[in-house]
Amino acid sequence: MPVNQVLSTYSDMAFATSVAIYILAMLLYFGEFAYGRTRAEVRERTAEPAMAGTGGTGSVDAPQQPVVGRIETPSKRPWPERLGGMAVSTTVLGALVHAASLLLRGLAVERVPWGNMYEFGSAICLAAVLAWLVVLLRQSRAVRRDATPAQLRGLGGFVLLPMVLLLFLSGTVLYAEAAPLQPALQSYWIWIHVSAAVVSSGVLLFAGVASLMFVLRVRHENNPLKLARLGGRLPASQVLDRLAYRATVVIMPVWTFAIIAGAIWAEAAWGRFWGWDPKETTALVAWIIYAAYLHARATSGWRGVRAAWINILGLVAMLFNLFFINIVITGLHSYAGL
Amino acid sequence: MRISSITAALAFLRNTWRGLTSMRTALVLLFLLALAALPGALLPQRPLNPANVEKFYDEHPTLAPILDAVDAFNVFGSVWFAAIYVLLFVSLVGCLVPRCLEYLRQLRARPVRTPRNLGRMPHHEQATVDSSVDEVMSATRRRLRGWRTSEHTEADGARSISAERGYAREAGNLVFHFALLGLLIAVAGGELYKYEGQVIVMADGSSFCNSGTYNYDSFRAGLTVDGTELSPFCVRVDDFDVKYLHSGQPSEFRADISYQSGESLETGVWKQHDLEVNNPLRTAGDRVYLTGHGYAPRFTVTFPGGETRTQTVQWQPMNTTTMLSQGATKFDPPGMPDEQRRQQNQIAITGLFAPTAAMDGKVLSSGFPALRDPAVAVDVLKGQLGVSTGRGQSIFSVDQSMVESGKLERVARENLRVGEEIRLDDGTVVRFDGVQRWVNLQVSHNPFQPYVLGCAIAIVVGLGASLSIKRRRVWVRAAPTGPSGSDPTGGAAASPRTLVEVGGLARTDQAGYGEEFTRLSGELLDSVGGSPGSAENHEAVSARGRNS
Ligand code: HEM
């Protein structure tokens with residue numbers, strides 16, 4: 001299995017390009033975030049004064065759909081909103097280049113492009129960015145929106161920020177030359193187990209960011225003087241809470257499956273389905289924390305901010321597992337590492 | 001007084017039980033479990049890697065004994081870890097039993113009556129349509145196929161249908177929790193009935209039979225296993241091969257093995273199998289894994305009397321990247337019937353083996369893991385090996401106390417390539433003949449493994465159902481109205497008009513019922529004549545707008 005150097009070089013170039021594009025997208029999101037709300041605030045004040053406290057599910061924030069019969073001049077979109085639009089297109093472009101980088105890496109080594117830490121990091125970020133784009137798409141198609149696209153995009157910069165950091169770390173400290181896989185990794189289970197783990201990590205990363213923003217937003221909603229600049233421009237707390245919850249709920253069975261697939265693979269590769277290897281243990285710990293999150297949502301007194309903290313804790317466990325356990329603690333998994 | 005104290009005790013028990021089975025306790029126990037598992041990932045664990053625990057002891061001489069005292073190096077076998085999960089599972093049982101009963105009750109119950117005021121529901125729409133109440137009702141019945149429904153006629157002549165759906169959510173949730181319970185039981189069963197043994201076999205057609213624990217180099221078993229009833233099978237290792245990349249990274253391990261089990265044990269037929277890292281042999285209910293490999297240098301000793309002895313003994317890899325190995329090959333002198341004399345003239349060849357010799361002055365190291373230019377750097381020791389002292393002997397080294405006490409003496413030190421030899425003062429010749437590969441096999445047996453897998457699948461399926469299915473309710477009320485409003489049956493007038501109201505409520509976590517409700521109520525209203533463009537439809541749209 002020789003490594004195709006040309007493809008691998010192209011892959012590296014695509015990787016660097018995608019990081020640059022994401023940085024640009026992030027700046028565009030933050031641009032809209034910083035300057036965008038002014039018009040919305042004006043409109044809010046003039047058009048719909050009674051927006052807070054209208055009970056019901058997920059319908060608290062601003063008016064979303066034009067009230068029938070009111071004439072709106074199809075004015076030119078203000079520039080911050082155009083920044084936001086550009087941010088989304090840029091993100092899509094970044095994701096495409098990013099996906100190409102993974103694809104090229106896979107072609108260069110003729111195997112799955114997630115066989116070491118650099119590749120995991122990269123693939124997880126792609127999953128998270130795709131999760132974000134899916135959220136945007138669904139929201140823009142939804143019949144009953146509870147946040148305008150502009151409000152939702154307020155989250156974009158905060159989703160991309162950790163992604164850019166992670167990618168930077170993957171591309172520098174964790175970078176690994178294209179190489180074939182260790183014998184223990186040469187199994188079709190790497191497709192099943194690792195892709196499930198990568199997708200779940202990416203989506204849970206997104207969920208964790210949404211929960212973190214939820215905590216900040218709630219602090220602002222409880223006392224509008226707190227975090228006035230930041231909190232006031234985030235989507236409403238219900239929206240953030242729902243995004244975090246939906247993402248976690250959608251991915252939890254996948255994450256469970258990823259762990260079980262790992263156990264099935266371990267049975268074939270290491271001679272036992274479970275051996276309390278540090279990586280296995282920490283994955284289980286993260287899983288239990290997410291189970292606790294779901295429980296908390298069904299326990300009175302634990303919904304809302306407390307549950308959100310549990311979700312953030314889950315993310316911490318996932319990141320801890322990805323970095324600390326892989327790099328510092330040497331278990332059976334660590335050959336995938338540096 | 002007696003009675004009141006009994007009542008008090010019962011109340012206490014009941015409260016404890018309630019406390020233990022409450023959601024909040026489950027939550028706290030889940031946290032505790034996660035927290036308790038963490039040291040198991042962060043600290044070296046004795047069952048996994050005793051050497052790392054030793055290292056930790058050396059590095060933290062004061063902290064280590066304290067940690068050891070609380071079982072921190074054996075977290076998953078500790079009492080406190082067991083206490084947490086046992087409590088959690090007691091809580092789980094206590095929680096599941098009443099939930100099952102409640103679920104059965106719900107399955108038999110009819111959907112709740114339509115509330116008076118549907119406008120108060122989180123989801124609500126209404127429209128006046130050009131259809132009769134009957135038409136609306138039958139359209140509703142059609143649309144709500146697959147829902148559990150019940151119909152009601154109200155005092156003012158209005159009729160309504162209440163419907164509920166998504167009962168499978170709770171079923172999924174119960175399946176999930178029961179499967180979790182089953183998984184724990186199956187794992188515990190496995191702990192009792194499993195065994196696992198390691199054995200080194202030369203890759204030269206040597207074989208190994210699973211006929212008794214004494215055939216193993218190491219053997220671990222559950223409480224119920226006494227080693228007398230191992231699954232019968234034999235394995236022969238015909239050949240072993242490793243492929244390396246230029247970097248020295250192995251790219252493939254493969255052992256060509258043959259095996260006999262069941263019938264073929266009697267007929268003597270050998271079946272072939274390629275034993276690879278991800279491809280264990282599964283036979284006779286056991287699994288055979290390839291877990292390691294190494295080299296065994298072959299030495300021939302020619303004694304002064306002319307007798308020769310040849311031995312090929314596995315040496316232990318010290319470094320898996322270069323396969324530099326160490327070991328000790330031990331010889332008994334021939335033709336010495338006198339036990340004591342024989343014991344005093346034993347020979348041991350001990351030192352280093354390199355598959356690809358890299359010399360640094362006279363110091364041997366290995367430059368590559370494959371057999372390119374094998375060499376050994378050995379000490380030849382003569383004297384008493386102490387094999388019969390009754391102390392456990394490692395096959396990879398000589399007993400150092402014998403060397404220290406002077407009973408075992410070094411008589412030569414030399415680097416040898418294949419074919420080279422050392423001549424000792426007494427005329428004995430030690431020759432390095434060549435190298436044989438060996439493999440490490442692991443035999444594992446766990447009769448509960450299929451149950452563990454079954455429970456794991458049920459966990460995923462149950463969780464998927466529980467998290468993706470929404471338990472939700474919808475109510476439709478049709479009330480006659482319109483120009484001929486005095487006629488409550490709505491049948492006589494030329495164009496019967498009906499006020500249709502739809503209300504919806506998600507019974508589980510709020511996310512995501514709105515979409516479905518909007519679609520459902522829209523389709524329903526359209527199908528009974530709220531056709532686009534009519535004035536009534538306009539009304540419906542604005543009602544929708546207000547509620548979004
Ligand atoms: C052994 C540890 C346990 C784990 C890993 C666990 C895990 C989970 C998970 C992942 C869910 C989410 C599924 C859903 O929301 O439908 C869930 C839900 C639930 N669990 Fe557990 N659970 C455990 C123990 C318990 C115990 C002891 C109780 C009883 C006190 C309990 C009661 C519930 C209930 C009532 C729900 C439904 C919540 C809802 O409808 O949203 N669980 N559990």
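His295(A) counts as buried in this predicted model, at 18% relative accessibility, where buried means under 20% relative accessible area, exposed over 50% and partly exposed in between (1.4 Å probe, protein chains only). His177(B) is buried too, with a relative accessible area of 8%. These two histidines share a task: through their NE2 atoms, His295(A) and His177(B) coordinate the iron atom of the ligand at 1.9 to 2.0 Å. The pair crosses between chains, since His295(A) sits in helix H10 (residues 278–296) of chain A and His177(B) in helix H7 (residues 168–193) of chain B. Helices here are DSSP runs (H or I, at least four residues), numbered from the N terminus.

The site of the iron atom is octahedral, with angles of 76 to 177° among its six donor atoms. Donors are N, O and S atoms within 2.8 Å of the metal (3.2 Å for Na, K and Ca); water is not among the atoms, so sites may look incomplete. Six donors count as octahedral if opposite donors are over 155 degrees apart and all others between 65 and 115.

The two chains also meet directly. The contact (heavy atoms within 4.5 Å) takes 58 residues from chain B and 60 residues from chain A. The size of an interface is often given as the accessible area lost when the parts come together. For chain B and chain A this buried area is about 4900 Å², 66% of it on carbon and sulfur atoms; the value uses a 1.4 Å probe and is summed over both parts. Two salt bridges are found across this interface, a salt bridge being a side-chain nitrogen of Lys or Arg within 4 Å of a carboxyl oxygen of Asp or Glu. Arg282(B) forms a salt bridge with Glu267(A), their closest N and O atoms being 2.6 Å apart.

Within chain A, the assignment gives domain 1 (1–38 + 81–119 + 145–180) and domain 2 (183–337), with bounds from an automatic or database domain assignment. Their C-alpha centres lie 20 Å apart. Together these domains of chain A bury about 2200 Å², 77% of it on carbon and sulfur atoms. On the side of domain 1, Trp114(A), Met117(A) and Leu155(A) lose the most area, together 28% of what that side buries. Zero salt bridges are found between these two domains.

Residues are numbered from 1 along each chain as its sequence is written, and chains are lettered from A and ligands numbered from 1 in the order in which they are written. In this predicted model, local features need pLDDT of at least 70 and side-chain atom pairs count only at pLDDT 80 or more, while totals for chains, interfaces and linings use all residues; side-chain values use heavy atoms, with hydrogens and water left out.

Key. Tetrahedral: all angles 85-135°; square planar, octahedral: opposite > 155°, others 65-115°. Helix = DSSP H or I, 4+ residues; strand = E, 2+ residues; numbered from the N terminus. Buried area = accessible area lost by both parts, 1.4 Å probe.
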